[in-house]
Amino acid sequence: MLISCACPVSGVWATPLSITGFAMRAEELGYHGLWSFQRLLVGADQQLAPVYQSVLDPLLALTWAAARTTRIRLGVAVINLPFVAPAYLAKQASTLDFLSGGRLDLGLGTGWSDVEFAATNSDPRPRGKRTEEYLAALATLFNDKVAAFDGEFYRVPPSTMAPAPVQPGGPPILLGAKADSALRRAGRLAAGWVSSSTATLQDIERGTQIVRRAAEEAGRDPDTVRIVVRGAVRPGLREEGNVLSGTWGQIKGGAQLYAEAGVTELFYDLNWDPFLGSPDGDPRAAGERAEEILTALAPAR
């Protein structure tokens with residue numbers, strides 16, 4: 001199982017210097033990837049967790065990190081596809097893949113915030129068909145010399161988009177999913193599945209089986225399907241239900257449980273640490289805590 005970490009995108013530690021310094025340090029320590037997430041805005045009447053209160057754009061933050069690194073992969077988990085047209089996201093993703101030398105992993109979801117749907121004049125429904133059309137539109141934009149797609153929700157007139165992504169076929173696309181139908185879709189159509197922040201170990205075990213079974217039924221090799229898990233790591237007191245909490249030894253033991261469940265990549269998401277992901281905190285203390293966690297959980301240690 002590959003070990004990755006989060007990009008500083010939320011709260012007090014999400015600063016220009018923190019992003020570049022953390023990304024360079026993660027690469028030095030041997031982490032496989034650096035992952036971000038999307039939150040456009042928070043409604044005045046929404047009661048959301050501190051991690052969602054102040055969030056950088058995920059692709060811009062990864063581009064900032066890419067400029068100071070050379071090897072570490074750059075992932076977003078996830079961009080909510082109803083918010084932007086496929087052509088617009090394809091241009092952004094192709095540009096980042098081009099500038100980073102082919103290091104982008106693109107996670108897509110359908111979103112859950114009614115405030116964000118209203119603000120972007122979007123609607124995720126019907127989720128299944130909309131997602132499948134979006135994937136088809138991205139495929140032609142990433143791969144075809146003359147791209148074209150004509151669907152119910154999305155249309156790409158015959159056109160060209162250059163420069164092309166560095167990775168053949170474009171950045172690998174992983175789908176965020178909770179419902180069984182969405183998990184099966186990830187297995188049938190995508191490079192894999194990326195889990196949500198609320199998924200338990202039991203959720204991952206069950207979801208992995210559904211995704212891989214769907215891949216096999218679609219004629220794909222289930223062993224090639226990626227299972228990427230966001231791990232809300234919490235050093236210190238052991239939290240019931242969170243196997244990535246407690247002592248460093250307990251956290252590493254929890255990571256092994258994910259490996260045994262069939263996970264191919266686990267990223268420790270420090271944005272969910274209340275000392276880091278909250279906008280109200282001490283930047284110096286946050287930086288010291290991030291360095292401590294990153295060093296203690298490094299893959300080679």
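**Figure 1. Surroundings of helix H1 in the predicted model.** The buried residues of H1 are covered by elements including strand S1 (2–6), strand S2 (33–36), H2 and helix H10 (283–296). Those buried residues are Ser18, Ile19, Thr20, Phe22, Ala23, Ala26, Glu27 and Leu29. H1 is made of 14 residues, and from its first C-alpha to its last it reaches 20 Å, close to the 20 Å expected at 1.5 Å a residue. Gly30, just after H1, takes a positive phi of about 95°.

**Figure 2. Contact of helix H1 with helix H2.** The view shows H1 (residues 16–29) and H2 (residues 58–66), whose axes come within 8 Å and cross at roughly 55°. Angles from 35 to 65 degrees count as oblique, and H1 and H2 are therefore oblique to each other. The crossing of H1 past H2 is right-handed. On the H1 side the contact is formed by Pro16, Ile19, Thr20 and Ala23, which meet Ala61, Trp64 and Ala65 of H2. Sorted by class, this contact of H1 with H2 holds 6 nonpolar residues, 1 polar residue and no charged residues.

**Figure 3. Contact of helix H1 with helix H10.** The axes of H1 and H10 lie 10 Å apart, and the two helices pack at an angle of about 15°. Angles under 35 degrees count as roughly parallel, so H1 and H10 are described as roughly parallel to each other. H1 passes H10 in a crossing that is right-handed. Phe22, Arg25, Ala26 and Leu29 of H1 meet Ala290, Glu291, Leu294 and Thr295 of H10. The residues of this contact of H1 with H10 comprise 5 nonpolar, 1 polar and 2 charged. Of the H1 residues shown here, Phe22, Ala26 and Leu29 are buried.

**Figure 4. Helix H5 and the elements that cover its buried residues.** H5 (residues 127–143) contains 17 residues and reaches 24 Å from its first C-alpha to its last, close to the 24 Å expected at 1.5 Å a residue. Its buried residues are Gly128, Arg130, Thr131, Glu133, Tyr134, Leu135, Ala137, Leu138, Thr140, Leu141 and Phe142. The cover over the buried residues of H5 includes two helices, H3 (86–99) and H6 (180–189). It also includes strands S4 (104–109), S5 (147–150), S6 (155–159) and S7 (173–176).

**Figure 5. Contacts of Ile173 in strand S7.** Ile173 has a relative accessible area of 13%; buried means under 20%, so Ile173 is buried. Apart from neighbours within four places in sequence, Ile173 is in contact with Leu106, Leu108, Leu135, Leu138, Phe142, Ala190, Ala191 and Gly192. Among these partners, Leu135, Leu138 and Phe142 are buried residues of H5. Trp193 is 20 residues from Ile173 in sequence, and the distance between them is 8.8 Å, C-alpha to C-alpha.

**Figure 6. Contacts of Arg188 in helix H6.** Arg188 has a relative accessibility of 36% and counts as partly exposed. Apart from neighbours within four places in sequence, Arg188 is in contact with Glu132, Ala214, Ala218 and Arg220. Thr160 is 28 residues from Arg188 along the chain, and the C-alpha atoms of Arg188 and Thr160 are separated by 28 Å.

Key: Residues numbered from 1 in each chain as written. Predicted model: local features only at pLDDT ≥ 70, side-chain atom pairs only at ≥ 80, totals over all residues. Heavy atoms only, no water. Helix = DSSP H or I, 4+ residues; strand = E, 2+ residues; numbered from the N terminus. Expected span 1.5 Å × (residues − 1). Buried < 20%, exposed > 50% of the residue type's maximum accessible area, 1.4 Å probe, protein only. Contact = heavy atoms within 4.5 Å. Axes fitted to C-alpha atoms, helices over the stretch in contact; angles between N-to-C directions. Parallel < 35°, antiparallel > 145°, perpendicular 65-115°, else oblique. Left-handed = near helix turned anticlockwise from the far one by under 90°. Nonpolar A, V, L, I, M, F, W, Y, C, P; charged D, E, K, R; others polar.
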